[in-house]
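Let's go through a few of the labels people put on a fold and ask what backs them up. Here is the model.

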Amino acid sequence: MQSLRDTIVFLTGATRGIGRAIALRLARDGARLALCGRDAAALRAAAEAVRAAGAPEPFARPFDLADAAAIEAFYGAARERLGPPAVLINNAGYNERKAPLWEVELGEFDRMLAVNLRAPFLLMRAAFPDMRARGGGCIVNILSTVCHFDNETMSVYTAAKKGLMGLTDVFRKEARPFNIRVASIYPGGTDTAFRPAPRPDYLKPESVAEAVCAVLALPAEVAVHHLTLRPMVETNF
């Protein structure tokens, strides 16, 4: 297994849920982290938890992933502070509400595609030349099991995540000649604030984080393309 100590990792959506759990798991391994999230106070708390876990001082910047210019500024500033990333984890996801297609406003549609699809595209595009120059790297995109089935009232979120799945699948082939591994992780039901009510019978965010870090720590010749994780109580497969 590869050590993640001193590995430079850029992680989106680090303030809560799966993203925060990934940040803390990487911190315990001694990774050097660049973190972002919309909530400035929650991001400060996540950065403090990372420091308390024994990791080096993280780079943390609050901004909205729907803002393309802010994404570019984050990547540039994090790169200047820490150096180019060896790992990029596109974790942030957004689904404001469930609604049938005919009730979705254009602004909601645009925002869901901007956060769930355009933001990972922009970050992968930014990271590629740096990873190519360093001779390799790893990109992990956190998708969702909505990519595997079709649920009413989740049309736009599903379309955005399936769009990211397709983008990732093609980019995996494009990046392979440059020794860049690209993994798609599909968590099933997870007990996070993303849900309207607690679900202790669902996956813990920490369990998903363990799986992500296990993928990152695999020997360099091992490429994980798709990894689906489900709680034992889930039957929608």
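**Around β2 and α2**

β2, helix α2 (residues 40-52) and β3 form a right-handed β-α-β unit. This is a predicted model, where local features need pLDDT of at least 70, side-chain atom pairs count only at pLDDT 80 or more, and totals for chains, interfaces and linings use all residues. Residues are numbered from 1 along each chain as its sequence is written, and side-chain values use heavy atoms, with hydrogens and water left out.

Q: What makes the β2, α2 and β3 unit right-handed?
A: With the strands pointing away from the viewer, the path from the first strand over the helix to the second runs clockwise. That is how β2, α2 and β3 earn the label.

Q: How do you know that β2 and β3 pair?
A: Pairing takes at least two DSSP bridges between the strands. β2 and strand β3 (residues 59-62) have four, in the parallel sense, and Leu-35 stands opposite Ala-60 in β3.

Q: Why is strand β2 called largely enclosed?
A: Buried means under 20% relative accessible area (1.4 Å probe, protein chains only). Five of the six residues of β2 (residues 32-37) are buried, so the rest of the structure largely encloses this strand.

Q: What makes the buried residues of α2 line one face of the helix?
A: Ala-42, Leu-43, Ala-46, Ala-47, Ala-49 and Val-50 are buried. Looking down the axis of α2, its buried residues fall within an arc of 160°, so they line one face; the arc is taken from the directions from the helix axis to the C-beta atoms. On the other side, Arg-44 and Ala-52 are exposed, meaning over 50% relative accessible area.

How values were computed. Helices (H or I, at least four residues) and strands (E, at least two) are DSSP runs, numbered from the N terminus.
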